[in-house]
Amino acid sequence: MAEFDYSDTDWDAIERLKKWYSGDIHDSMEALGLWGCLEGISLLGALADGDVVCGPAVTVLFEPSDRKGEPQDVYHNAIDNAPKGGIMVCDASCAPGSCSGELMSTGAKTHGCAATIVNGTVRDLAQVRALGYPLFGTMPSPIGVTGKKEPKKSQVPLQIGKATVRPGDVIFGDVDGVVVIPKEHLKAVADQADALGKEEAANRDRILAGEKLQEVWPAS
């Protein structure tokens, strides 16, 4: 895996973000003029109700390839060397085939990864869910990658829709989807999410107390 230093990861900000959910996070980003939604990617593996995943990105880029066998060495190496709590992010959209399933998820979980995010299909969902691993992708597919594509680069920027994922950027995922937070904006987003979360909690209390929605959010 290409060298990348995770020693300056702001784990305190990451823990603060874990109190909220992806809607809070993306609303907070938009309030700051940022965009982070990885559109089209959703939870297909296991995540308990109300749980979230949040951690620094380890990136892997797939490219078309007709190489046979198990041409996953770059991906395997990235998993084996990921930081504890890191989140694998793979752009495998270049060709058909599921780059992640039971074995990749088992390896990632065993090596301390918090989740795997794939811009592409994934498979072995029954086994991945039994493993209890948060695997995200665009949709399920039984098709394998061999002879179609292979991981060529790791720790490089990935362009997924309107969002860019760089190594060390922070990934947040839950049942609603996946958001990437640029590393340099992490603290500001966490601060904004804390403020938004407190405001939403207050509004929820008002609604539960019987106030009408138009009283809570009067037209301006």
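Strands E9 (residues 170-174) and E10 (residues 177-181) run antiparallel and are joined by 5 bridges. The model is predicted. A hairpin of 2 residues links E9 to E10. Elsewhere in the chain, strand E3 (residues 87-91) runs parallel to E4, with 5 bridges between them. The largest nonpolar core has 23 residues, and a second, separate core has 18 residues.

**The E9-E10 hairpin**

- Phenylalanine 172 has valine 179 as its bridge partner in E10.
- In E10, 5 of the 5 residues are buried, so the strand is largely enclosed by the rest of the structure.
- Gly177, Val179 and Ile181 point one way from E10, while Val178 and Val180 point the other way, and all are buried.

**Strand E4 and its parallel neighbours**

- Strand E4 (residues 115-119) has 5 of its 5 residues buried, so it too is largely enclosed by the rest of the structure.
- Both faces of E4 are covered, with Ala115, Ile117 and Asn119 buried on one side and Thr116 and Val118 buried on the other.
- Towards E3, the bridge partner of cysteine 90 is valine 118 in E4.
- The chain passes from E3 through helix H4 (residues 102-110) to E4, and this β-α-β crossover is right-handed.
- Strand E5 (residues 135-137) also pairs with E4 in the parallel sense, over 2 bridges.
- Threonine 116 has leucine 135 of E5 as its bridge partner.
- A right-handed β-α-β unit is made by E4, helix H5 (residues 125-131) and E5.

**Nonpolar cores**

- In soluble globular proteins, nonpolar side chains tend to be buried together.
- Within the core of 23 residues, those with the most contacts inside it are Tyr75, Met88 and Cys99.
- Two or more residues are given to this core by each of the elements E2, H3, E3, H4 and H5.
- The second core, separate from this one, includes Leu61, Ile171, Val178 and Val180.
- Tyrosine 75 touches Val60, Phe62, Met88, Cys90, Cys99, Ser100, Met104, Thr116 and Pro151, leaving aside residues up to four places away in sequence.

**Aromatic pairs and a charge over a ring**

- A pair of aromatic rings is described by the distance of the centres and the angle of the planes.
- The count comes to 2 aromatic pairs.
- Phenylalanine 4 and tyrosine 6 have ring centres 4.7 Å apart and planes at 65 degrees, so this pair is edge-to-face.
- Phenylalanine 4 is partly exposed at a relative accessible area of 32%, whereas tyrosine 6 is buried at 12%.
- Phenylalanine 62 and tyrosine 75 form an edge-to-face pair, with 5.9 Å centre to centre and 75 degrees between the planes.
- Phenylalanine 62 lies in strand E2 (residues 53-64) and tyrosine 75 in helix H3 (residues 73-80), so the pair ties together parts that are 13 residues apart in sequence.
- Phenylalanine 62 and tyrosine 75 are both buried.
- Lysine 162 places its charged end over the ring of tryptophan 35, at 3.8 Å from the ring centre.

**Loop residues with positive phi**

- Most residues other than glycine have a negative phi, and most peptide bonds are trans.
- Aspartate 124 is not a glycine, yet has a positive phi of about 60 degrees.
- Aspartate 124 sits in the loop between E4 and H5 and is partly exposed, with a relative accessible area of 30%.
- Glutamine 155, also a residue other than glycine, has a positive phi near 55 degrees.
- The loop between strand E6 (149-154) and strand E7 (158-160) holds glutamine 155, which is buried at a relative accessible area of 10%.

**Histidine 111**

- Histidine 111 is placed in the loop between H4 and E4.
- With 37% relative accessibility, histidine 111 counts as partly exposed, because that class covers values between under 20% (buried) and over 50% (exposed).
- Apart from residues up to four places away in sequence, histidine 111 touches Ile79, Asp80 and Ala82.
- Histidine 111 and alanine 130 are 19 residues apart in sequence, and their C-alpha atoms are 18 Å apart in space.

How values were computed
Residues are numbered from 1 along each chain as its sequence is written. This is a predicted model: local features need pLDDT of at least 70, side-chain atom pairs count only at pLDDT 80 or more; totals for chains, interfaces and linings use all residues. Side-chain values use heavy atoms; hydrogens and water are left out. Buried means under 20% relative accessible area, exposed over 50%, partly exposed in between (1.4 Å probe, protein chains only). Helices (H or I, at least four residues) and strands (E, at least two) are DSSP runs, numbered from the N terminus. Two strands pair if DSSP finds at least two bridges between them. A crossover is right-handed if, with the strands pointing away from the viewer, the path from the first strand over the helix to the second runs clockwise. Rings of Phe, Tyr and Trp (its six-membered ring) pair if their centres lie within 6.5 Å; planes under 30 degrees apart count as stacked, over 60 as edge-to-face and the rest as tilted. A charge sits over a ring if NZ of Lys or CZ of Arg is within 6 Å of the ring centre and within 35 degrees of the ring normal. A nonpolar core is a set of buried Ala, Val, Leu, Ile, Met, Phe, Trp, Tyr and Cys residues joined through side-chain atoms within 4.5 Å. Contact means heavy atoms within 4.5 Å.
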